[in-house]
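Student: I have a model open and want to work through some of its strands and its surface. Can we go step by step?

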Amino acid sequence: MHNKMVMLIAGVSAIALQAPVSAQTETAPQAQPAGLGDIIVTAQKREQAINDVPLSITAASGEKLANQGVTNVADLVKIVPGFNYTESAFATPVYTLRGIGFYDTSLAAKPTVSIYQDQVPIPFSIMTRGATLDLERVEVLKGPQGTLFGSNATGGAINYIAAKPTSTFKAGVDAGVDSFGQVSGGAFISGPISDTLTARVAVRTEQGGAWQRSYTRDEKLGDRNFTTGRILMDFEPSDGVRFSLNLNGFIDKSDGQAAQLIGVVPLGNPARLGPLATYPIAPRNNRDADWTPEQKPKRDDWYYQAAFRGDIDLTDDITLTSISSYSRYHNDQNIDPDGVALRDYFYNTTGKITALSQELRLQGRTGGLTYILGANYAREKTYQQDDAGPYDQSTSAYNFVDAGLGIPFFVYSQYARQKFVNKAVFANLDYDIGDMITLHGGVRYTKTNIDFAGCTADRGFALGQGIQNLVNFIRGGAGLDPIAIPAGACVTIDGPTLTVGEVQRTLDEDNVSWRAGIDYKPNKDVLLYASVSKGYKSGSFPLLSASDANQFNPVTQESVTAYEIGTKLTLLENTAQINGALFYYDYSDKQLKGRVVANPDVFGPLEALVNAPKSSVQGGEVQLDLAPTDGLRVSIGATYLKTKIKGSFVNYDSYGSQLDFGGSAFPYTPKFQIVTDVQYDWALSNDVEAFIGANLNFQSDTKAVLGDARATPSAALTAQGGLAIDDYTLIDLRAGLSFDDKRYKISAFVRNLGNTYYWSNATRITDTTVRFAGRPRTFGATLSARF
């Protein structure tokens, strides 16, 4: 399949180079008159003006995303207040919206913010890297979206809308380069093949640009080697019958990101620290980090998806829609998250995901009632294996030696295979009472089954010998016969039976998500709405280095009951738009990374997933869009969040101390976020226009853990800030010229103008505590041509 993907991309490139243009929009944007244009969205799986939808939505066109340098899901922090991206220590991205997120780093981690492409699900966050190619727009829906988008959208849903095939020929190319040497290029070609068939082909590639550097030797990291492509075909054999085929995928051979060392707290005997005891702390800047030379963080991943949609108008008012998709993801990546050029902790992870989805729905309108009735089936299979070590410079490698139970263990493996089956039926109703009031209701029943099997496995038998000695020591005290562990076998301990082996679990759950609301629209410029909804995120199994079988116990499904009131106001003859919302979330069984104690308690607190019984989110947001004069556009968005664990919740911090986290705020949830963007376009002559713009993104401080993030066992680490994430403000600038009615454009940009030092995550990795820094100041230029 890897070869097939290469052939696909090569074919896309060959077609695109025959007829160039920008890969961002299908038509050249026209000069903007005063006033805000209407934005059409499909947030409720039908086309509506955004100001008629009683939901909090951020929508942006493909042109706007390109102008602001939004090339991946993480970049949405530039335009979506309340959205947060976390660079996890193990390469799996974590998305949080309005404080609702799930920090688990396995490939099979189900998100709380679901990603879709033209309403087709991308079920795992690791598969979303190519979602921003050649877009018409993106829609970010905030709050539980369970009735129409299903489970795992408790925080919200992000729907990327691809630019569609056109009825006339369109084509374009664009290219760019930045100050770190990253070169990017993209192209699309679109047009009719016959009277009933249109097609669009797009491709983008990013190469080079190493921005990280080792502070202990002369070496760089961060090169991009990423290529993504898409083929869209629309077929309309007759009036009322429409079919669409979407083939897309990516190949990613990019470098990973290295961590920055901020402190050392040994997991084992401090006398075993060796060179780690005197390893220099990373400088406080964005670029300097460190990694083990022979384990350079690097990916060799690929992904493809095929999606087929059919729409048949049964009558003028009733449409039957079917959406089918199949996707496959392959992962092979070196992970080195410990922030040092030593053999303390690193591993190679390999894995694969296959996903099948089918949705069938009937939607229509009769009188004042608009309805959607549907069913959904999804099945995913995942496999992940992590081969760790050799890490002979880690204190934990000598734990069995120091306990008198064996020899040092420097290598081991952990694996997990899972099968997910999800079945659902749903209904959504909107009923107009007169011209000004509309009632909304929706319900979805979901049944989920997850089968899990996994373990920590011996490699080389050093770990197996230590576990064998430990288990037999305990069995001897209990009057049981000794056991023998073959080389290469699973060594996860089952406490009740005092045996070792693969852990197998099944989780069966069901739920009913729902939504009810009312909106009042006295005229076309005013919308007031109120709603209450309940959504669920499915339970989850972790993948981790499990000494005890209890570490593989799943967290059960979590639920959010959301109360929201909001308004959308169009003012000053459509030159100002003010949207605002207040919300309160009642959160049950929030899924968190915590620790458990095995029985018998041999290893102390062990990493696991846990449920926090009760918590809450309350907050508000406001979005102001202005178009006061021709060419000037101003957008200001702000979010306030207050998150809290309610009641008593006793668990363990990252350093093994037992604490009551009652009253603690959530990790990765800034209290304040502000995003602002300004652009001014003006004519220099009949054929030449200029533009200048700026973007500001502010996030207040947050933390990477529950409790006091700055409290650590080490005074030196505490002085470095511990596991806190400081506040930051980022400013981007852009300017350029366009020619011949904007058919050609040249622009320059600078991102992170102040070269602000900031980071999105901080975590403990065995003996080290590290953080993951954001990008430094970057200059660049882009060129585009449209035909």
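Student: Which strand holds L783?
Tutor: This is a predicted model. Look at the run of residues 778–786. L783 falls inside that run, which is strand β44.

Student: L783 helps make a nonpolar surface patch. What is the area of that patch?
Tutor: Its members include Y680, W682, F739, Y744 and F787. L783 is one of the others. Together the members make a patch of about 860 Å².

Student: Which elements give two or more residues to the nonpolar patch?
Tutor: Go by residue ranges: 672–683, 728–739 and 744–751. Those ranges belong to β36, β40 and β41.

Student: Now the hairpins. Which residue in the turn between β10 and β11 has a positive phi?
Tutor: Strands β10 and β11 run antiparallel, joined by two bridges. K170 pairs with S190 of β11. Four residues lie between the strands, and the phi in question is about 90 degrees. The residue is G181.

Student: How many bridges pair β11 with β12?
Tutor: β11 and β12 also form a hairpin, with four residues between them. One bridge links G185 to T205 in β12. The pairing is antiparallel, and the bridges number ten.

Student: Which are the edge strands of the sheet ordered β14-β13-β18?
Tutor: This sheet is open, has three strands and shows mixed pairing. β13 and β14 are antiparallel over two bridges, with R213 partnered by K220. An edge strand here pairs on one side only, which leaves β14 (220–221) and β18 (288–289).

Methods. Residues numbered from 1 in each chain as written. Predicted model: local features only at pLDDT ≥ 70, side-chain atom pairs only at ≥ 80, totals over all residues. Heavy atoms only, no water. Patch = residues over 30% accessible without salt bridge, like charges linked within 9 Å, V, L, I, M, F, W, Y side chains within 5 Å. Areas by Shrake-Rupley, 256 points an atom, 1.4 Å probe, with all protein chains shown as cover. Salt bridge = Lys/Arg side-chain N within 4 Å of Asp/Glu carboxyl O. Pairing = 2+ DSSP bridges.
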